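Colleague: I would like a close look at one part of this model, and I would be glad if you could set that part within the chain as a whole before going into its residues.

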Amino acid sequence: MVHAQFDPTAREALAAAAVEAKTRKNLSWQEIADASGLSVAFTTAAILGQHPLPEESAKAVTELLGLDEDAAMLLQAIPTRGSIPNRIPTDPTIYRFYEMLQVYGTTLKALVHEQFGDGIISAINFKIDVKKVADPEGGERAVITLNGKYLPTQPF
């Protein structure tokens with residue numbers, strides 16, 4: 001049976017315990033994702049409380065991390081989503097994404113609507129990828145791909 005959470009507290013505590021276990025066992029997010037059989041972005045988001053994991057994936061992750069059956073059950077529940085409280089983020093990495101949307105949000109909206117019409121890009125039917133690439137000018141660059149299904153507005 002599918003269950004849903006209405007209070008994020010338990011999932012936040014589980015995320016903290018999972019990250020602690022990940023650190024203690026010196027595992028990467030990719031290694032945990034490999035155990036889950038899912039993508040690294042989806043698995044990481046699930047462990048951090050933003051998605052439910054399928055039963056087999058939840059059991060594999062909790063076994064790898066040394067967490068109990070209650071943790072496996074909680075990882076399967078549909079969470080209360082939203083990892084940023086209703087305020088401007090203070091973590092520098094998260095703040096930069098906020099800043100990017102402040103600067104380019106209206107541009108992205110204008111370009112999406114011009115090319116697709118009235119609608120939204122799904123965060124449910126969605127894929128994300130993060131890659132590190134060399135910068136021809138020296139150093140490194142982050143390439144972040146957001147790939148969401150376009151959902152047109154339906155008149156009713």
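Modeller: Read from the N terminus, the elements of this predicted model follow the order α-α-α-α-α-α-β-β, which amounts to 6 helices and 2 strands. The part I would take up is helix α5, which spans residues 69–76.

The buried residues of α5 are A71, A72, L74 and L75. Viewed down the axis of α5, these buried residues fall within an arc of 165 degrees, so they line one face of the helix. On the other side of α5, the exposed residues are E69, D70 and M73. E69 counts as exposed because its relative accessibility is 71%, where the cut-off for exposed is over 50%. The C-alpha atom of E69 is separated by 9.3 Å from that of A58, although the two residues are 11 residues apart along the chain.

As for what lies over the buried residues of α5, the cover includes α1, α3 and α4. Those helices come up again in the largest nonpolar core, to which α1 (9–24), α3, α4 (55–65) and α5 each give two or more residues. This core has 14 residues, and those with the most contacts inside it are L14, I32, I47, L53, V61, L65 and L75. L75 is thus both one of the buried residues of α5 and one of the residues with the most contacts inside the core. One of its partners is I47, which, leaving aside residues up to four places away in sequence, touches A15, A18, W29, I32, V61 and L75. As a general point, nonpolar side chains tend to be buried together in soluble globular proteins.

The largest pocket of the model, with a volume of about 2300 Å³, has a lining of 46 residues, of which F97, F126, I128, I144 and L146 are the closest to its centre. The elements that give two or more residues to this lining are α3 (40–47), α6 (92–116), β1 (119–134) and β2 (140–152), and α6 gives the most, with 14 residues. By class, the lining has 29 nonpolar, 13 polar and 4 charged residues. Helix α3 therefore appears in both settings, as an element that gives two or more residues to the core and to the lining of the pocket, by the definition of helices used here.

For the chain as a whole, buried residues make up 23% of the 156 residues, and the C-alpha atoms fill a box of roughly 55 × 50 × 30 Å along the principal axes.

Conventions. Residues numbered from 1 in each chain as written. Predicted model: local features only at pLDDT ≥ 70, side-chain atom pairs only at ≥ 80, totals over all residues. Heavy atoms only, no water. 1 Å grid on protein atoms, 1.4 Å probe; cavity = no way out; pocket = protein on both sides within 12 Å on 5 of 7 lines; lining within 4 Å. Points joined across faces, edges and corners; volume = space filled by probe spheres on them. Helix = DSSP H or I, 4+ residues; strand = E, 2+ residues; numbered from the N terminus. Nonpolar A, V, L, I, M, F, W, Y, C, P; charged D, E, K, R; others polar. Core = buried A, V, L, I, M, F, W, Y, C linked by side-chain atoms within 4.5 Å. Buried < 20%, exposed > 50% of the residue type's maximum accessible area, 1.4 Å probe, protein only. Contact = heavy atoms within 4.5 Å. Arc of directions from axis to C-beta.
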